[in-house]
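Trainee: Could you take me closely through the place where the ligand sits, and through the residues around it?

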Amino acid sequence: MAPVTAFAPGRVNLIGDHTDYTGGWVLPMAIEMGTTVVGDRGGRHVELASDAVAGDDRRIAFPVPVAGRLTQAGWGRYAEAVAAELGVVDGFSGRVSSDLPIGAGLSSSASLEVAVALALGCEADALGLATLCQRAEQAASGVPCGIMDQLASAAGVAGHALLIDCTTLAVEPVAVPDDVQVVVVDSGQARRLAGSAYAERRHQCQIASAQVGPLRQATRAEVERIADPLIRARARHVVTENARVGQFAAALRAGDPAAAGRLMLESHRSLADDFAVSTDALDRLVAGLVSRPGVWGARLTGAGFGGCVVALARPGAVETGWPVRPAGGATLYL
Ligand code: GLA
């Protein structure tokens, strides 16, 4: 049988962070960097070697079907969790390569999951693929992540960001104008405590919605009546961020990158002050970027606690970092 090749992109989130798991709005875009899995289906094991990993951890192998608890550590755990969710009985032997920086906030793990799921034979549509991989991510990492990363990777549309309604899971492509450059700059700061702090934020949002109802529908005035100042601040971020996502999509459509950039900066402040997921390094990076001519806005992207910032700029205005183009979603080549 001919080898199969599966590719799944990473993503950068333009705006709408820590909103997906409350049924809110997000606006990520799939990028050209991603994970490729090449190999042959068959046999009783999944055996993979990664070009992105050195040393003993390069190769992983586990039997299928995956029964009971996950046994793998490191990157193999994500592949094993995908195989478990899929319930595959046929194995796979092949190679994994990636040009995504690992663990920098560009969804290297979601991209790995989606590529592995396609390679192993997942035939679901983009939404089914994404929800399967979201469950795998949660099982492998123990972090109660939302749907954004896996859905951006599965459903990407070239030239477009994706306006995702995380209540209905409807995906609406929004064109990113050619004269707008999206640049990702790595803070170089590995994300710390991201898992436990992420779960804590999610829990705080649940406390808020127990008081004021779903945050997606809550008004700013309702949120300001929450007694606990910490819970109030978390909910304020979510409610204002949801509004910013809609305004940002409108600014992109109207060809107004300056307005989009201002919303990014407001988003960063809200993530830093109300949601407390920024770091000094991220704050400094954002301040430095927006002080340059030709940069309309910048913000931390993804979960925070380190990782990357994303900037919106005139082409050529930012020389550091990775210029990224909005790319298509995951693909299987048979
Ligand atoms: C991580 C999660 C996503 C989302 C972001 C924050 O990337 O995997 O589901 O919650 O953090 O917006």
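Mentor: By class, the shell around the ligand holds five nonpolar, three polar and four charged residues, where Ala, Val, Leu, Ile, Met, Phe, Trp, Tyr, Cys and Pro count as nonpolar, Asp, Glu, Lys and Arg as charged, and the others, Gly among them, as polar. This is a predicted model, in which local features need pLDDT of at least 70 and side-chain atom pairs count only at pLDDT 80 or more, while totals for chains, interfaces and linings use all residues. Residues are numbered from 1 along each chain as its sequence is written, and side-chain values use heavy atoms, with hydrogens and water left out. Among the residues that surround the ligand (a heavy atom within 4 Å of it) are Arg11, Tyr21, Cys145 and Gly302. Asp17, His18 and Asp149 also belong to this shell, and an N or O atom in the side chain of Asp17 is 2.5 Å from an oxygen atom of the ligand. A polar backbone atom of His18 lies 2.7 Å from a ligand oxygen, and for Asp149 a polar side-chain atom is 2.7 Å from an oxygen atom of the ligand. The protein covers 93% of the 310 Å² of accessible area that the ligand has on its own, as computed by the Shrake-Rupley method with a 1.4 Å probe. The space taken by the ligand is the largest pocket, a pocket being an open set of points on a 1 Å grid over the protein atoms alone, where a 1.4 Å probe fits, with protein on both sides within 12 Å along at least five of seven lines; a molecule sits in it if more than half of its atoms lie within 2 Å of its grid points.

Conventions: A polar contact is a pair of N or O atoms within 3.5 Å; within protein, one must be able to donate a hydrogen and the other to accept it, and residues adjacent in sequence count only if both atoms are side-chain atoms. On a 1 Å grid over the protein atoms alone, a cavity is a set of points where a 1.4 Å probe fits but cannot get out, and a pocket is an open set with protein on both sides within 12 Å along at least five of seven lines; lining residues have an atom within 4 Å of a point.
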